[in-house]
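Me: I should like to go through the assignments in this model one by one. For each, please state the value, set it against the criterion and conclude.

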Amino acid sequence: MHPKTIEVLPHDPEWIKIYEREREKISTALKDNLTEIHHVGSTCIEGLVAKPKIDISAYVENPYTIVEPLKTIGYEFRGEWNIPLKAGFSNRESFSINLHIHP
């Protein structure tokens, strides 16, 4: 077995721009169901090295109506990631993005 290689890069100002574009798409898709959305994880901290993956945490009123709207903007439902009522999504279309949805 070979060790897994994990890419870690210096902070890239483009990461925040990617988050801002995704925030707009997610906000439009979820509409009034969305109550909060945040860029989380190491890519949101200027000057910190990070894996080049954007993590987004969002909060919704109704977690049972989010799969289809997010699917239309390229997010794939990945399950609860072992945390009940937390929905995990990923989008790998142009950049690696993990979306964590909480009620």
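Me: What makes strand β4 and strand β5 count as a pair, and in which sense do they pair, parallel or antiparallel?

Reply: The model is a predicted one. In it, strand β4, residues 87-91, and strand β5, residues 97-102, are joined over 5 bridges in the antiparallel sense. The criterion asks for at least two bridges, so the 5 bridges between β4 and β5 qualify them as a pair. Within this pairing, Gly-88 stands opposite His-100 of β5. The C-alpha atoms of His-100 and Gly-88 lie 4.9 Å apart, although 12 residues separate them in sequence.

Me: Why is His-100 called buried?

Reply: His-100 has a relative accessibility of 16%. Buried means under 20%, and therefore His-100 is classed as buried.

Me: Which residues does His-100 touch, leaving aside those up to four places away in sequence?

Reply: His-100, placed in strand β5, touches Asp-55, Ile-56, Ser-57, Ala-58, Trp-81, Lys-86 and Ala-87. A contact requires heavy atoms within 4.5 Å.

Me: What is the order of the strands in the open sheet?

Reply: The sheet has 5 strands in the order β1-β2-β5-β4-β3, and its pairing is mixed. Its edge strands are β1 (34-40) and β3 (76-79), each of which pairs on one side only. On average, neighbouring strands are turned by 25° against each other, direction ignored. Helix α1, residues 14-30, packs on this sheet and touches β1, β2 (54-60), β4 and β5. The direction of α1 makes about 165° with that of β1.

Me: How do you know that β2 pairs with β1 and with β5, and what is the sense of each pairing?

Reply: β1 and β2 share 6 bridges in the antiparallel sense, with His-38 opposite Ser-57 in β2. β2 and β5 also pair over 6 bridges, here in the parallel sense, and Ile-54 stands opposite Ile-97 in β5. Since at least two bridges are needed, both pairings satisfy the criterion.

Me: What makes β2 mostly covered?

Reply: Of the 7 residues in β2, 6 are buried. Each of those 6 must therefore fall under 20% relative accessible area.

Me: Why does the contact between Glu-22 and Lys-25 count as a salt bridge?

Reply: The side chains of Glu-22 and Lys-25 meet at 3.1 Å, N to O. The limit is within 4 Å, so the pair qualifies as a salt bridge. Both residues belong to helix α1, and because they are 3 residues apart there, about one helical turn separates them.

Me: How are Glu-22 and Lys-25 classed, buried or partly exposed?

Reply: Glu-22, at 7% relative accessibility, is under the 20% limit and is therefore buried. Lys-25 has a relative accessible area of 33%, which lies between 20% and 50%, so Lys-25 is partly exposed.

Me: What makes the contacts of Arg-21 with Glu-14 and of Arg-23 with Glu-24 salt bridges?

Reply: The N to O distance is 3.4 Å for Arg-21 and Glu-14. For Arg-23 and Glu-24, the closest N and O atoms are 3.6 Å apart. Both values are within 4 Å, and so both contacts meet the rule. The count by this rule comes to 4 salt bridges. Arg-21, at 46%, and Glu-14, at 31%, are partly exposed. Arg-23, at 27%, and Glu-24, at 45%, are likewise partly exposed.

Me: Why is Thr-72 called exposed?

Reply: Thr-72 has a relative accessibility of 65%. Exposed means over 50%, so Thr-72 is placed in that class. Thr-72 is found in the loop between α2 (67-71) and β3. The C-alpha atoms of Thr-72 and Ile-26 are separated by 10 Å, with their positions 46 residues apart along the chain.

Me: Which residues make the nonpolar surface patch, and why does Val-49 count as partly exposed?

Reply: Ile-6, Val-8 and Val-49 make the patch, which has an area of about 270 Å². Val-49 is located in the loop between β1 and β2. Its relative accessibility of 48% lies between 20% and 50%, and therefore Val-49 is partly exposed. Membership of a patch requires over 30%, so the 48% of Val-49 passes that cut-off as well.

Note on methods: Residues are numbered from 1 along each chain as its sequence is written. This is a predicted model: local features need pLDDT of at least 70, side-chain atom pairs count only at pLDDT 80 or more; totals for chains, interfaces and linings use all residues. Side-chain values use heavy atoms; hydrogens and water are left out. Helices (H or I, at least four residues) and strands (E, at least two) are DSSP runs, numbered from the N terminus. Axes are lines fitted to C-alpha atoms, for helices over the stretch in contact, and angles run from 0 to 180 degrees between N-to-C directions. Patches are made of residues with over 30% relative accessible area and no salt bridge: like charges are joined within 9 Å, nonpolar side chains (Val, Leu, Ile, Met, Phe, Trp, Tyr) within 5 Å. Accessible areas come from the Shrake-Rupley method with a 1.4 Å probe; for residues, only the protein chains shown count as cover. Buried means under 20% relative accessible area, exposed over 50%, partly exposed in between (1.4 Å probe, protein chains only).
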